[in-house]
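I open this notebook to record what I looked up, one topic at a time. My entries begin with a strand pairing and move on from there.

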Amino acid sequence: MQSLYEQLENYSETDYYPFHMPGHKRNEDLQFSNPFHYDITEIEGFDNLHHSQGIILDAQKRAALLYNSSETHFLINGSTGGLLSAISSCTTKGGTVLIARNCHKAVYNAVFLNELINIYTYPQKERKFCVNGGLNIKDIKQLLINNKNIQAVVITSPTYDGIISDIESIAIEVHKFNIPLIVDEAHGAHLGFHSYFSENSISKGADIVIHSVHKTLPSLTQTALLHVNGNIVDRDKLRKYLAIYQTSSPSYVLMASIDNCINLISNKGKELFDNYVSNLSHLRESLSKLKNIRLVSENIVGNNDIFDLDRSKLIISVKNTDITGKELYLKLLNQYHLQMEMVSGDYVLGITTIMDKIEGYNRLIYALNEIDNEIKSVNNPLSDDTIIKPQVSHSIANCNNLDTVNLKLEEAEDKIAAEYIYLYPPGVPLIVPGEIISKELILQINTYKKIGLQIEGMSDYAGNMIKIVGKE
């Protein structure tokens, strides 16, 4: 059996093209020739991430300058550590937080760890392509009015699919209550560097913004940034939690990767983004001419509270054709050696970045044109047009202290879930511990399983049994 290193080495020699993160797209010009050669600990002259006064502090200041942020912190265990730290520092144990239902599972983990009461705002539904739309400002405003004890608001923009909400308007409403707006902008580290893309949430008034530089920029996996602005956030408390949720032995290779990325964008960003936008525009224009397959375009902006669309994301839809998203995904993978980022019931998602090559774009254009000529336009019955809003019976933290029992998923209707169920990627929960399992949810999960989507969260990896609140 091959070791992991051997398998990685062999894969690197194949012709599989990455339409997935990390954003460096395995570009050899960016890689360390020998990471072991640069791997050190906190030795003399190399500062300390958790008490930065020298070279690391300077690197973080360069990142803050690039993003026009008041204060920026390096994250070396991804946006997850940033989200945990941000929410922990902006709430008190047992407090209340308003979160978008389509937040990443890390947000739910922060709710659990801090024993918070979570109130949801739900994204709108974009029904033509069956993606989650934006967040409704009036809903958020009303929830804040009705729940005076909310301590922070946490939302995701852009989403995994590239849907952007009206951050500026949301920030205005949130700040009327003198509480912080935390934006998980993990998929938007590239925003604000070219007029082709939206401005980032830092410029729109968010108090804490978290970027995964490894997702859409050339940096190693696990690297991210946390930006702080304004006077609402207790920065000393935030730094305390950053030290808790990040290792005491941070990787200098990862920190150097972030710094290299920041320097690259600072020095060559205009050239790189101009070339990227030119190639990406060509790609999107070519794919817009497909007959049966549909590339989601900016035509969806302005509806369903979608403020903008991040066009670096390729939502390639086969809704109303005779194939599913999973079938398209497998065709691209097995026949054309194109590895996409994610698959859903009706579409596949591809991630593009400044490091993509025109040869990769042309391969995708060729592949999708061939597939487009092979498939037919039909009414696809697998489309899911609803957002299920489960009834909450217990808080996530309270549910952890209750007796649980395993039950077949088909027999769990009206029972209280004691574990998560989510599609991965993107890691957004379909059901959360403490929520009541509905018949509609069971049908939805079975449909996802039938078409081969990856269901995670349940302790039963086969997805047949679920932990519920109850006794034997």
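**Entry on strand 7.** I began with Leu98, and I find that this residue stands opposite Val153 in strand 7. I note at the outset that the model is a predicted one. Leu98 belongs to the pairing of strand 3, residues 96–100, with strand 7, in which the two strands run parallel and are joined by 4 bridges. I then looked for a further partner and found strand 9, residues 181–184, which also pairs with strand 7 in the parallel sense, over 4 bridges. In that second pairing I marked Thr156, which stands opposite Asp184 in strand 9. Is strand 7 enclosed or open to the outside? I read that 6 of its 7 residues are buried, so strand 7 is largely enclosed by the rest of the structure.

**Entry on an antiparallel sheet.** Next I followed an open sheet of 4 strands, whose order I wrote down as 12-14-17-16 and whose pairing is antiparallel. The edges of this sheet are strand 12 (294–295) and strand 16 (342–343), each of which pairs on one side only. I reminded myself that the strands of a sheet pair through backbone hydrogen bonds, either parallel or antiparallel. From the edge at strand 12 I stepped to strand 14, residues 313–317, and counted 2 bridges in the antiparallel sense between them. Within this pairing, Leu295 has Ile316 of strand 14 as its bridge partner.

**Entry on the cis peptide bonds.** I then turned to the backbone and noted a cis peptide bond between Ser157 and Pro158, with omega at about -5°. I placed Pro158 in the loop that connects strand 7 (150–156) with strand 8 (163–164). Another cis peptide bond joins Tyr424 to Pro425, and here I noted an omega of about -10°. Pro425 sits in the loop between strand 19 (421–423) and strand 20 (428–431).

**Entry on the loop between strand 1 and helix 2.** Which residue here has a phi near 50°? I found Lys25, where the value is positive although the residue is other than glycine, and I located Lys25 in the loop between strand 1 and helix 2. Lys25 has 9% relative accessibility, and because buried means under 20%, I entered Lys25 as buried. Arg26, which is not a glycine either, has a positive phi of about 60°, and I placed Arg26 in the loop between strand 1 and helix 2. With a relative accessible area of 28%, Arg26 is partly exposed. Asp29 lies in the loop between strand 1 (17–19) and helix 2 (35–38), and with a relative accessible area of 73% I entered Asp29 as exposed. I also looked at the charge on the surface, where Asp29 gathers with Glu6, Glu9, Glu13 and Glu28 in a patch of negative charge.

**Entry on Gly360.** Last, I looked up Gly360, whose place is in helix 12, residues 358–374. Is Gly360 buried or exposed? At 0% relative accessibility I entered Gly360 as buried. I then checked Gly360 against Pro18, which is 342 residues away along the chain, and noted that their C-alpha atoms are separated by 8.3 Å.

Conventions: Residues numbered from 1 in each chain as written. Predicted model: local features only at pLDDT ≥ 70, side-chain atom pairs only at ≥ 80, totals over all residues. Heavy atoms only, no water. Patch = residues over 30% accessible without salt bridge, like charges linked within 9 Å, V, L, I, M, F, W, Y side chains within 5 Å. Areas by Shrake-Rupley, 256 points an atom, 1.4 Å probe, with all protein chains shown as cover. Salt bridge = Lys/Arg side-chain N within 4 Å of Asp/Glu carboxyl O. Lys, Arg positive; Asp, Glu negative; His and termini not counted. Charge placed at Lys NZ, Arg CZ, Asp CG, Glu CD. Buried < 20%, exposed > 50% of the residue type's maximum accessible area, 1.4 Å probe, protein only. Pairing = 2+ DSSP bridges.
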